[in-house]
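Biologist: I am new to this structure and should be grateful for a close look at a single part of it. Please set that part within the whole as well.

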Amino acid sequence: MSLDRDMSRDLLEQVKQALAMDTPLRIQGGNGKAMLGCPVAGEVLDTRSHRGIVHYDPTELVLTARAGTPLREVEAALHEAGQMLPCEPPHLGPDATLGGMVAAGLSGPRRPWAGAVRDYVLGTRVITGHGKLLRFGGEVMKNVAGYDISRLMVGSFGCLGLLTEVSLKVLPRPRQCMSLRLEVSPHQALDALADWGQQPLPISAACHDGEALYLRLEGGEGSVSSARQRLGGEAVESHFWEALREQRLAFFDDPEPLWRLSVPTATGLLALPGRQLIDWGGAQRWLKSSATAEQIRAQVAQIGGHATAYAPGEDSTPPLSAPLMRYHRALKRQLDPQRIFNPGRLYPDL
């Protein structure tokens with residue numbers, strides 16, 4: 001415990017010094033998600049020295065670790081105990097950290113069936129813009145009172161405070177897992193997925209890469225075997241889903257700019273120039289296109305979705321409505337009044 005206090009004290013002293021000198025801080029771990037949001041000018045605060053699993057008892061289905069802990073180290077400990085992070089977070093680099101996972105809030109192929117990163121965060125320790133190390137939430141699902149600051153940290157990209165520790169709910173790995181490839185068109189895939197979504201099928205991932213539909217079945221041996229016979233297709237290696245999660249499929253090699261589109265599940269194919277990959281059973285689309293940000297966002301907004309550019313710049317993050325922007329600004333003022341934590345990372349004036 002003394003080591004943990006010393007590590008936290010070092011980070012706290014860096015923050016206090018930045019506050020005293022009014023110096024912005026650029027928080028980073030593995031820096032694999034630097035393409036998201038706007039570039040930040042400031043003194044680098046590297047969290048990777050603040051690492052290690054603090055507490056993990058598989059019988060409790062809860063893991064607590066410091067924010068700089070490598071994500072692969074967390075996943076290795078869970079795998080050894082037959083458990084997993086259900087949200088399947090992408091690493092997007094070899095040095096991804098637990099804090100970066102929470103700050104980015106990204107989820108992998110299992111997200112529509114298992115939930116997002118936010119759904120599994122139980123508690124956090126955070127250094128605020130007032131120079132205080134505070135604890136929010138806890139290690140049980142019902143330990144929430146007032147504002148749920150821990151879940152507000154998810155997807156905040158470090159703009160609200162410096163994460164030092166995270167407690168997560170984890171789940172057992174499925175007993176059986178099988179991946180299938182079906183030769184159908186994107187239109188046929190979307191129609192089939194809409195139909196299957198109303199049925200008790202053990203689907204935990206669904207993606208059409210432009211050529212074929214890939215499905216992952218997870219659960220008990222009987223349910224997986226029955227679904228496999230019903231759906232048909234050919235069995236394929238399960239590493240497809242990691243390649244999708246980490247953007248290593250051939251689709252992502254295209255030199256055109258990459259966009260992530262979040263749309264209603266039942267949305268048909270989008271009439272946008274470029275190549276599209278269907279993920280999350282239709283709710284997430286990856287787009288490789290030279291179209292302008294205005295063109296892409298206008299069409300996606302018409303169907304109630306939003307678009308994120310996977311390239312740093314002012315057009316990277318989706319624009320917010322006026323009410324939502326007011327909430328963002330109010331939170332920033334309350335938690336980081338001097339704007340020292342990743343100023344402008346999400347939006348120029350935050």
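How many residues lie between strand 11 and strand 12 in the hairpin that they form, and which residue in the turn has a positive phi?

Modeller: The hairpin of strand 11 and strand 12 has 4 residues between the two strands, and Gly210 in the turn has a positive phi of about 105°. The model is a predicted one, in which local features need pLDDT of at least 70 and side-chain atom pairs count only at pLDDT 80 or more, whereas totals for chains, interfaces and linings use all residues. Residues are numbered from 1 along each chain as its sequence is written, and side-chain values use heavy atoms, with hydrogens and water left out. Strands (E, at least two residues) and helices (H or I, at least four) are DSSP runs, numbered from the N terminus.

Strand 11 covers residues 203–208, and 5 bridges join it to strand 12 in an antiparallel arrangement; two strands pair if DSSP finds at least two bridges between them. Ile203 has Leu217 as its bridge partner in strand 12. Strand 12 also pairs with strand 10 (residues 176–182), again in the antiparallel sense, over 7 bridges. Here Leu215 of strand 12 is the bridge partner of Leu180.

Strand 12 itself spans residues 213–219, and 7 of its 7 residues are buried, so the strand is largely enclosed by the rest of the structure. Buried means under 20% relative accessible area, exposed over 50%, and partly exposed in between, with a 1.4 Å probe and protein chains only. In a regular strand the side chains alternate between the two faces of the sheet. In strand 12, Leu213, Leu215, Leu217 and Gly219 point one way, while Tyr214, Arg216 and Glu218 point the other way; all are buried.

The setting of the hairpin is a chain with 10 helices and 17 strands. The radius of gyration of this chain is 21 Å, close to the 20 Å that the globule rule gives for 350 residues, so the chain is as compact as a globular protein of that length. That radius is taken over C-alpha atoms, and the rule is 2.2 Å times the number of residues to the power 0.38. Buried residues make up 51% of the 350 residues. The C-alpha atoms fill a box of roughly 65 × 50 × 35 Å along the principal axes.

The interior holds nonpolar cores, each a set of buried Ala, Val, Leu, Ile, Met, Phe, Trp, Tyr and Cys residues joined through side-chain atoms within 4.5 Å. The largest has 26 residues, of which Leu85, Leu98, Met101, Val102, Leu163 and Leu168 touch the most other members. Among the elements that give two or more residues to this core are helix 3 (98–104) and strand 8 (162–169). A second, separate core of 25 residues includes Ala205, Trp241, Ala243 and Phe252.

Helix 9 (residues 293–302) has Ala293, Ile296, Arg297 and Val300 as its buried residues. Seen down the helix axis, the buried residues of helix 9 fall within an arc of 90°, so they line one face of the helix; the arc is that of the directions from the axis to the C-beta atoms. These buried residues pack against strand 14 (258–262), strand 16 (284–288) and strand 17 (306–309), where contact means heavy atoms within 4.5 Å. On the other side of helix 9, Glu294 and Gln302 are exposed. Gly304, just after helix 9, takes a positive phi of about 85°.
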